[in-house]
Amino acid sequence: MDVMVSVKDGELWSHDSGEPSGTGGGSLPLVLLHPGVGDSRIWDGTLPRLTERHRVIRYDARGYGRSPAPTAPFSLVEDLIAVLDHYGVGRAVLAASSMGGATAISLALRDPARVASLALLVPGVTGADDLLPPEFMAEVGRRAQAGDIDGIVTMMRRVSGAAGTGADPEVTALLKAVVPAWFAVHPHHVPDPPAYDRLGELDVPCTLAIGERDQPEVVRLNETMAQRIPGCRVVRLAHSDHFPTVREPDAVLDVILEAYAEAR
């Protein structure tokens, strides 16, 4: 069921699959958090198989997909908490990619009782150094001022979509849909507290998937994150860049289901 969830000074589009038939209800919900390089549609390839077994909740962050752009300061982790509260979810398994991974980690540190397990796909984390060089971001800014969305998409494909070939239509469509969101969200996004130096405090089962063909800086960051997270299980996706749900959906499904099986 599609629902607009009220959050502070705004609302978010969300979808709750409900409990699969025959489960009897009461199982841990699985909550999906999308990356900054796509909206919640990045889960479309894995969603049918996940909802066969679990209640799955997903949503679009502010300004992404079907959620309105923000008009006031907001926090990604506070929005996640608002979604959980709306659905009466006290505890969940979080499957999260990139930007969504940073939000999932932030919640696990802020309120560990609400997180039963983490499946992190090429995750980000607050408090780490910027991964894109200043000259790259300056060029993105120049193209944005010129309204050159296609140019920005091409630049991002080169760094985040290196596993693709040719026009790479699925990744191109995802990026075209979210580039406007980056500029709408940036003035209002309030970063959550730094988590990079607190990863050793995480006390929740965690699986971290690294895209071997991702931006080298992201690969190194993910390797360091996995070393810092106690007991973290690492999965290396040989054919994935920053879009593992597009490149290796079956492997992503395995990562999520295995992380779910480890939930406390």
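Below are worked exercises on the fold, helix packing and charged contacts of this predicted model.

Residues are numbered from 1 along each chain as its sequence is written, and side-chain values use heavy atoms, with hydrogens and water left out. Because this is a predicted model, local features need pLDDT of at least 70 and side-chain atom pairs count only at pLDDT 80 or more, while totals for chains, interfaces and linings use all residues.

**Exercise 1. Trace the open sheet and state which strands stand at its edges.**

Step 1. Fix the terms. Helices (H or I, at least four residues) and strands (E, at least two) are DSSP runs, numbered from the N terminus. Two strands pair if DSSP finds at least two bridges between them.

Step 2. Read the order. The open sheet has 8 strands, arranged β1-β2-β4-β3-β5-β6-β7-β8, with mixed pairing.

Step 3. Find the edges. β1 (2-7) and β8 (233-237) each have a single partner strand, so one side of each is left without a neighbour in the sheet.

Step 4. Add the twist. On average, neighbouring strands of this sheet are turned by 20° against each other, direction ignored.

**Exercise 2. Work out how β1 pairs with β2, β2 with β4, and β3 with β5.**

Step 1. Start with β1 and β2. They run antiparallel and share 6 bridges. Val-3 stands opposite Ser-14 in β2. Their hairpin has 2 residues between the strands, and Asp-9 takes a positive phi near 60° there.

Step 2. Go on to β2 and β4. These strands are antiparallel too, with 3 bridges. Here Asp-16 stands opposite Ile-57 of β4.

Step 3. Turn to β3 (residues 30-33) and β5 (residues 92-97). They run parallel and are joined by 4 bridges. Leu-30 has Val-93 in β5 as its bridge partner.

**Exercise 3. Identify the strands that helices α2 and α9 touch as they pack on the sheet.**

Step 1. Set the rules. Contact means heavy atoms within 4.5 Å. Axes are lines fitted to C-alpha atoms, for helices over the stretch in contact, and angles run from 0 to 180 degrees between N-to-C directions.

Step 2. Take α2 (residues 76-86). This helix touches β1, β2 (10-16), β3, β4 (56-59) and β5, and its direction makes about 125° with that of β1.

Step 3. Take α9 (residues 249-261). This helix touches β3, β5, β6 (115-121), β7 (206-211) and β8, and its direction makes about 160° with that of β6.

**Exercise 4. Classify the α4–α5 helix pair by its crossing angle.**

Step 1. Get the geometry. The axes of α4 (residues 134-145) and α5 (residues 149-160) come within 9 Å and cross at roughly 155°.

Step 2. Apply the cut-offs. Angles under 35 degrees count as roughly parallel, over 145 as roughly antiparallel, 65 to 115 as roughly perpendicular and the rest as oblique. α4 is therefore roughly antiparallel to α5.

Step 3. List the contact. α4 contributes Phe-136, Glu-139, Val-140, Arg-143 and Ala-144, and α5 contributes Gly-151, Ile-152, Met-155, Met-156 and Val-159.

**Exercise 5. Classify the α2–α3 helix pair in turn.**

Step 1. The axes of α2 and α3 (residues 99-110) come within 9 Å and cross at roughly 75°.

Step 2. The two helices are therefore roughly perpendicular to each other.

Step 3. Leu-76, Val-77, Glu-78, Leu-80, Ile-81 and Leu-84 of α2 meet Met-99, Thr-103, Ser-106, Leu-107 and Arg-110 of α3.

**Exercise 6. Locate the salt-bridge partner of Asp-79.**

Step 1. A salt bridge is a side-chain nitrogen of Lys or Arg within 4 Å of a carboxyl oxygen of Asp or Glu. The count by this rule is 20 salt bridges.

Step 2. Asp-79 meets Arg-62, at 2.7 Å from N to O.

Step 3. Asp-79 lies in helix α2 and Arg-62 in the loop between β4 and α2, 17 residues apart.
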